[in-house]
Amino acid sequence: SRADSEQKLAYPFRTGWVSWEPFVGWRGTLYGEDRMGHGPRTRSVGTYGASASSEFYRTWEAESRLLDMDGLRNVLIPGANLTVIKQPNTQPADLLQFDEIDAVDARETVDLTFRSLIQTRRGPTRSPATFADLGWGTTLFPDANRDNTETSRDLSRKVRDFSNVNQNVFLFPRDWITVRSESSYDTYEDLLESQKSGLNLRYGRPTRAADSAGRYLFSADMN
C-alpha cells in the first residue's frame with residue numbers, strides 16, 4: 001500500500017515585462033513496506049525552483065475570406081523553469097518501483113521554452129481565434145553527470161547537458177481544420193528521432209458535432 005501527498009507554495013509576481021513565480025514544495029509518501037518487506041516506511045522530499053516568462057506582441061492588418069481571417073496578432077512567449085528536487089531520505093533502490101512516484105530522486109532541471117501564437121478574429125462575431133500555435137523546448141541539466149546520462153550505440157557512456165529539442169506545431173487554417181506536427185531532434189547525434197503529423201477535420205451541426213480524423217504517423221532516423 002502507498003499514500004502520497006504533495007504540496008506546493010508559489011508566489012507569482014511581475015517586474016517590468018517579466019513574470020516570475022518562485023516556489024517551494026514538499027512531498028511525503030507513506031509505504032506499507034519497502035523492497036525488503038520491512039515497513040511501514042516514510043519518504044520525504046523537498047523541492048524548490050522558479051519560473052520566468054514574458055510576452056511580446058505585434059499586430060498586422062490582414063484579411064482573407066478563404067481563411068476566415070480578420071487581422072493578425074503574433075505573441076512571442078519565451079520562458080524558463082528551474083526545478084530542484086532534493087535528495088529524498090529513502091532511495092528509489094529501497095522501494096518497489098511501479099511508477100514515477102516511486103522513482104523520485106535528486107534532480108535539477110531548467111526547462112527552456114519558446115512559443116509563438118498567431119491569432120486572428122473569426123466568425124460572425126469576429127471573436128479571437130488561434131491561427132497557428134508553434135512551440136519549441138529543451139531541458140538543461142546543470143548536473144548532467146548525475147541526471148542525464150545514457151548508453152550510446154557503441155555502448156559508451158555519454159553525458160548530455162541538454163535533452164532533445166522538441167517541436168510542436170498546430171495550424172488552424174479554418175475553425176474546422178487542424179494540422180499538427182510533433183518532432184523530437186537529437187542535436188548530439190544530429191538525428192531526427194521522431195516525427196508525427198496529423199490532420200483533423202470536424203464537421204456537423206454544433207449540437208451534433210461529428211469528428212473525422214485522418215492521421216499520418218511516421219518515425220524517421222537520419223544519420
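Hi everyone, let's start with one residue: aspartate 186 is buried, with a relative accessible area of 2%. Keep in mind as we go that this is a predicted model.

So who does this aspartate pair with? Aspartate 186 makes a salt bridge with arginine 160, and the closest N and O atoms are 2.8 Å apart. The two come from distant parts of the chain, 26 residues apart: aspartate 186 belongs to strand 12, while arginine 160 sits in the loop between strand 10 (157-159) and strand 11 (165-174). Is arginine 160 buried or exposed? Arginine 160 is buried, at 5% relative accessible area, which is under the 20% cut-off. The pair also has company: Lys158, Arg160, Asp186 and Glu189 are joined into one network by salt bridges that share partners.

How many salt bridges does the structure hold? There are 14. Let me show you another one, between arginine 2 and aspartate 102, where the closest N and O atoms are 2.9 Å apart. Arginine 2 is in strand 1 (residues 2-10), and aspartate 102 is in the loop between strand 6 (69-85) and strand 7 (107-122), so this bridge ties together parts that are 100 residues apart in sequence. The two partners also sit in their surroundings in their own ways: aspartate 102 is buried, with a relative accessible area of 1%, whereas arginine 2 is partly exposed at 37%.

Now for a pair with consecutive numbers. Arginine 146 and aspartate 147 meet through their side chains in a salt bridge, 2.8 Å from N to O. Here aspartate 147 is buried, with a relative accessible area of 10%, and arginine 146 is partly exposed, at 41%.

Let's turn from charges to the surface. Which residues form a nonpolar patch there? They are Leu171, Trp176, Val179, Leu199 and Leu201, and together they have about 370 Å² of accessible area. One of them, valine 179, takes us back to strand 12, which covers residues 177-186. Valine 179 counts as partly exposed because its relative accessibility is 31%.

Before you zoom in on your own screens, a word about confidence. The mean pLDDT of the protein chain is 88, and 88% of its residues reach 70 or more. Residues 205-223 are a stretch to handle with care, with pLDDT below 50; in the model this stretch has 37 contacts beyond near neighbours in sequence. Where pLDDT is low, the predicted coordinates should not be read in detail.

Thanks for listening!

Definitions and conventions
Residues numbered from 1 in each chain as written. Predicted model: local features only at pLDDT ≥ 70, side-chain atom pairs only at ≥ 80, totals over all residues. Heavy atoms only, no water. pLDDT = per-residue confidence, 0-100. Contact = heavy atoms within 4.5 Å. Patch = residues over 30% accessible without salt bridge, like charges linked within 9 Å, V, L, I, M, F, W, Y side chains within 5 Å. Areas by Shrake-Rupley, 256 points an atom, 1.4 Å probe, with all protein chains shown as cover. Salt bridge = Lys/Arg side-chain N within 4 Å of Asp/Glu carboxyl O. Helix = DSSP H or I, 4+ residues; strand = E, 2+ residues; numbered from the N terminus. Buried < 20%, exposed > 50% of the residue type's maximum accessible area, 1.4 Å probe, protein only.
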